[in-house]
Amino acid sequence: MAGKKFQYDESGGTFYYFILSFLALLLVPGTYYWWPRKKQKDAESNESQCQCTGCKRKQLIMQKSEPWKIFKHTLIKLLIISGWIILAFLAYKVSQFDYEYSNFDPYEILGIPLGSSEATIKKAYRRLSLILHPDKETGDEKAFMKLTKAYQALTDDESRKNWEKYGNPDGPGAMSFGIALPSWIVEKENSVLVLGLYALVFMVALPTAVGMWWYKSIRYSGDKVLLNTTRMYYFFFDKTPQMQLKRVIMILGASLEFEKKFNSDIVERETDEIEMPKLIHQLPNLGEKNRERPLYYKYSLKARALIHAHLSRIPLNPETLDQDRMVVVKKCPHLIQEMINCISQLILLAYAQRVPRLLSIETLENCMKLCPMIVQALWERKSPLLQLPYIQEEHLKYFVIRKKYIRNVQQFAQLKMEDKRSILKFLKEDQIDDVIKVASKMPLIDFQVRCEVIDDENSTVFTAGAIVTVTVLLKRKNLSEVFGDETYKDNKNIIENDEKEKESVEKEPEESKTTEEKPENEDQSLIKNATSTSSSRPVWQKKQYKPKKAGAKKQQQKKMSNAEKKKLNWERKQKEKEEREKENEKKDKSEKNKDETKKHSDDNENSNSESDGSSSEEEESGKSDHENDDSKKANNSKRVQEHSNDDDDDDDWEKFQTGINKRDRALEGRSKQSHSVHCPYFPEDKQEYWWVYVSDRKSRTLLTAPYHVTELVDYEEIQLKFTAPRWPNVYTFAVCLRSDSYLGFDRMHEIKLDVKEAPKIPTEHPQWEMSDEEDESKADDDNEDVSEFTTDEDVED
């Protein structure tokens, strides 16, 4: 290609080829991926969906919330169709261009039949040249050039030979290289327009687009929360380390996302001056008299009042305040997640002594409680049964079966179908079916926890300061699997009622007084106290074991002593049997030796020597027996070690494979799809998310940052890491699982760590010691600079 001259396309053929190929590369995959498709309505999915009035209203709201969706689909269809029309036009132009240059027939161009004489050829050429000459009004330069080529091909002998041989009067065509752009781009007349277009695109439009994108992106965090909102969260949480739920709602309402200056979706109406005071008057404990900035601003007070109205399920004006409520409620889950991130960061900074005060775990858990409250539009102390469709406050009195109150959805699911229908007899049949459908889809979590020290020789031994890895296995099932199973018990639910905690604390001293006053009925009092504390005490609160009777301890000691005596007697009998067998073997050997000595009684010396030999043989035989036994034991131990090494290799390989799979999942990215939540008061489709963390319930502190589980479809494995305490002792920690979508589905699993003293750092080791001989040999090696390839002359020199 050296020496070739590139030219712009004068005829425009190569430019058409370039545009045609470029459009084809865009349109073929673009039509497949971007063409709007209607979602096929599945009859089974429609049947499984709830048909309550709240869910129907939510579907209508979601459809109306995207009015631009139809316009967007029509615009995409028009663009794709216009692209295919342009592609078809370019393909036609290219086909015509190829037809003109591939089918060169001089007789057809001159309009004469084959085998015409030279006179007719000249006559036809003159007639057409008068019409097609460029100087004439009807002239055409390209047609005139083809006409001259046709005339030359039929009159000139050389041209006629080239046409017959190559199909072209000019001879074989040479390969040419060109730029697939028209030549008018570089002409002097159009240079100003071309440069202006370049300047407009690359110096104005592109920097403006990048600047707008950068200005918007620097205002938001990774979770699309304003950085000013995040700074406000840090300030308030650092100011009040132990924050109540009421104040958390106040700070949430003060988020800058609810101010019109930062969010274009916020609408300020003139009717707010009339409607908002009426709404505030209906809401108790709103805190409207608080004068902290920005808690008393208009936008903050309005957002807080709308959140309180949403939690109380107060009906609002559908054209004004209800629209504002939906805008506020949509943003709340993202803002609460940002709050949790801020709190966990402040706790880590407090551990590093960068912040003076350590935040209490109640602040974190109050934020976590607020998310399902907003999703389900319920206050914390309301019954979890109100999450089911058609269930209202006045219906809770019917949730009693055989003098037993049904307090949560799981207890309701464990009832038999007949009992469920008898409880829901105040509803219609189709409404009862909806209630059972919704309850069957709610989550049932199998919660398993494993603790270990990874990359350590003894992974189950926890030393002071070691990094403990808590592996949490979550298996998500539907609540329909325990329908009718009244034997299923789950002792890992977190009790969230603060009143019960206070009652349990108050009851403990009263119980101690009764035990002191009535020692005779001690057993009965213990039973009563155990039942009362088990019902009122939270799961994470340690059980207080009370002293039992001395007689019971003595009975246990007697039982233990009898068992030990039986074991000792059995061991003694075995030892006696082994000793008897050894003595019998010795007696048999001694009798054989005596018989041999009688045969050789003639020579005393020989007999003595033989007796000495027999005794040595006995010793040697005894030694050989012991050696055989030792060799057998050694072989068995070797086999056991080989099997254990194989098992260790298999475990290491499995760990390696699981590590690779985890890395692959991390590279793939985290999904946001799990299971849809039944939340008729939440204006969007909410997915089921969870938080997992490790805490110390005794000191009320957080040990690991909460992990946000966003892709729990069937199975999920999570690893949480924290540093073991510095002092050896037995510690009890809690692994907590909290839902951000449902109330009453939180779980907790206690783990006990027996922390031991950390081994001292070794200062000496046999492998680190160097003998004097090795040092001398190394010194000699360093002094020897003679190579093995040197000659005697080199050594002498």
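Reader: What is the helix content of residues 74–92, and how far apart are the end C-alpha atoms of that span?

Author: In this predicted model, residues 74–92 are 100% helix and 0% strand, and the end C-alpha atoms lie 27 Å apart. The span is one of those that the unreviewed UniProt entry annotates as "transmembrane region"; the annotation covers residues 15–35, 74–92 and 192–215. For residues 15–35, the end C-alpha atoms are 28 Å apart, with 95% helix and 0% strand.

Reader: How many helices and strands does the chain have, and what share of its residues is buried?

Author: The chain has 24 helices and 13 strands. Of its 797 residues, 32% are buried. The accessible surface comes to about 54,700 Å², and carbon and sulfur atoms account for 53% of that area. As for contacts between residues at least 6 apart in sequence, 70% join residues at least 24 apart.

Reader: How should one read the packing of two helices, and at what angle do the axes of α10 and α11 cross?

Author: One considers the distance between the axes, the angle, the handedness and the residues that meet. The axes of α10 (residues 227–239) and α11 (residues 245–253) come within 10 Å and cross at roughly 155 degrees. Angles over 145 degrees count as roughly antiparallel, so α10 and α11 are roughly antiparallel to each other. Their crossing is right-handed. On the α10 side, Met232, Tyr233 and Phe236 take part, meeting Arg247, Ile251 and Leu252 of α11.

Reader: How are α11 and α13 oriented to each other, and which residues meet there?

Author: The angle between α11 and α13 is about 130 degrees, and their axes are 8 Å apart. The two helices are therefore oblique to each other. Here too the handedness can be stated: α11 passes α13 in a right-handed crossing. From α11, the residues Ile249, Met250, Leu252 and Gly253 meet a set in α13 that includes Tyr299, Ala303, Arg304 and Ile307.

Reader: Where does Gly287 lie, and which residues are in contact with Gly287 beyond its neighbours within four places in sequence?

Author: Gly287 is located in the loop between α12 and α13. Neighbours within four places aside, Gly287 is in contact with Lys246, Met250 and Arg304. Met250 and Arg304 also appear among the residues that meet between α11 and α13. The C-alpha atoms of Gly287 and Ala305 are 9.7 Å apart, with their positions 18 residues apart in sequence. Because its relative accessibility is 23%, Gly287 counts as partly exposed.

Reader: Which backbone features deserve attention, and where is the peptide bond cis?

Author: As a general guide, most peptide bonds are trans, and most residues other than glycine have a negative phi. In this chain, the bond from Arg293 to Pro294 is cis, with omega near -5 degrees. Pro294 belongs to the loop between α12 (272–282) and α13 (298–311).

Reader: What is the phi of Gln353, and is this residue buried or exposed?

Author: Gln353 is not a glycine, yet its phi is positive, at about 60 degrees. Its place is the loop between α14 (321–351) and α15 (361–376). With a relative accessible area of 72%, Gln353 is exposed.

Reader: Where does Arg700 lie, and what is its phi?

Author: Arg700 sits in the loop between β8 (690–696) and β9 (701–702). Its phi is near 60 degrees, a positive value in a residue other than glycine.

Methods:
Residues are numbered from 1 along each chain as its sequence is written. This is a predicted model: local features need pLDDT of at least 70, side-chain atom pairs count only at pLDDT 80 or more; totals for chains, interfaces and linings use all residues. Side-chain values use heavy atoms; hydrogens and water are left out. Helices (H or I, at least four residues) and strands (E, at least two) are DSSP runs, numbered from the N terminus. Buried means under 20% relative accessible area, exposed over 50%, partly exposed in between (1.4 Å probe, protein chains only). Contact means heavy atoms within 4.5 Å. Accessible areas come from the Shrake-Rupley method with a 1.4 Å probe; for residues, only the protein chains shown count as cover. UniProt positions are given in the numbering used here, feature names are shortened, and annotations may be inferred rather than shown by experiment. Axes are lines fitted to C-alpha atoms, for helices over the stretch in contact, and angles run from 0 to 180 degrees between N-to-C directions. Angles under 35 degrees count as roughly parallel, over 145 as roughly antiparallel, 65 to 115 as roughly perpendicular and the rest as oblique. A crossing is left-handed if the near helix is turned anticlockwise from the far one by less than a right angle, and right-handed if clockwise.
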